[in-house]
Amino acid sequence: MENSKRCRDSFVVRTSIVLPPDTNSHGTMFGGKLMAYIDDIAAISAMRHARKHVVTASTDSVDFLHPIYEGNSVCLEAFVTYTGQTSMEVFVKVIAEDLLTGERNVCALSFLTFVAIDENGAPSPVPQIIPETEEEKKLYNSAKERAELRKKRKKESEILAKRFGTDLPW
Ligand SMILES: CC(C)(COP(=O)(O)OP(=O)(O)OC[C@H]1O[C@@H](n2cnc3c(N)ncnc32)[C@H](O)[C@@H]1OP(=O)(O)O)[C@@H](O)C(=O)NCCC(=O)NCCS
């Protein structure tokens with residue numbers, strides 16, 4: 001297919017070790033730090049797909065399924081699962097590993113949507129995506145439903161944003 005790319009073309013993997021500055025007082029990783037890693041790897045994946053600048057349009061909920069301890073390795077995988085005209089859905093999976101025992105857990109999963117932008121900051125077209133593996137096809141086939149939910153959620157956010165003022169909090 002012309003102007004289309006495979007999911008694996010946008011595949012990104014990042015592994016690092018969890019050090020004390022990344023943890024809270026219980027010795028487990030800060031959620032905010034992990035969220036920054038998730039946004040970072042997903043943006044790289046979206047840019048690999050689009051070969052354009054991108055902005056994060058939304059992040060679906062991130063469920064922290066398992067704590068990540070100091071000294072664990074944390075591995076994030078990301079790839080584009082679905083594309084619209086200018087938007088890309090990116091799936092991120094986070095796996096932590098106890099490096100002493102080898103025990104691994106899927107600690108978080110997330111879907112993010114990025115929009116490619118042109119030099120004026122306006123949404124810009126992206127290549128279509130071609131799912132190949134079973135996992136890619138499953139994620140691709142369920143993506144439209146997630147996109148509909150996002151549209152609904154965005155409308156609700158816009159209503160709330162109008163209702164709330166912009167007065168400074170002091
Ligand atoms: C994301 C953004 C570029 C969309 O601009 P817009 O004028 O609303 O554009 P449109 O309504 O034409 O939508 C463009 C695409 O984005 C998608 N989109 C827009 N808002 C979205 C959202 N909240 N979640 C998922 N997709 C969204 C639309 O579905 C559309 O997809 P398609 O072209 O594949 O059909 C704009 O809202 C923006 O710049 N937001 C701020 C982004 C940012 O600063 N991110 C960093 C956060 S600190």
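Begin with the whole chain coloured by burial: of its 170 residues, 28% are buried. The model is a predicted one. Viewed along the principal axes, the C-alpha atoms occupy a box of roughly 55 × 45 × 30 Å.

Next, switch to the cartoon representation. Three helices and eight strands are present, and from the N terminus they follow the order β-β-α-β-β-β-β-β-β-α-α. Contacts between residues 24 or more positions apart constitute 74% of those with a separation of 6 or more.

Now select the largest nonpolar core, which has 35 residues. Ala42, Ala46, Ala78, Val90, Val92 and Phe114 are the members that touch the most others. Two or more core residues are supplied by each of helix H1 (31-50), strand S5 (73-83), strand S6 (87-97), S7 and helix H2 (134-141). The largest share, seven residues, belongs to S7. In soluble globular proteins, nonpolar side chains tend to be buried together.

Within this core, centre the view on Ala78. Apart from neighbours within four places in sequence, Ala78 is in contact with Val12, Ile41, Ala42, Ser45, Val90, Phe91 and Val92.

Finally, turn to the ligand and display the 13 residues around it. Ser58, Gly84, Gln85, Thr86 and Ser87 come nearest. Strand S3 (53-59), strand S7 (104-117) and helix H3 (143-163) each give two or more residues to this shell. Which element provides the largest share of the shell around the ligand? Strand S3 does, with four residues. Colouring the shell by residue class shows seven polar, four nonpolar and two charged residues.

How values were computed
Residues numbered from 1 in each chain as written. Predicted model: local features only at pLDDT ≥ 70, side-chain atom pairs only at ≥ 80, totals over all residues. Near = placed C-beta within 6 Å. Nonpolar A, V, L, I, M, F, W, Y, C, P; charged D, E, K, R; others polar. Core = buried A, V, L, I, M, F, W, Y, C linked by C-beta atoms within 7 Å. Buried ≥ 20, exposed ≤ 12 C-beta atoms within 10 Å, placed from the backbone. Contact = placed C-beta atoms within 7 Å.
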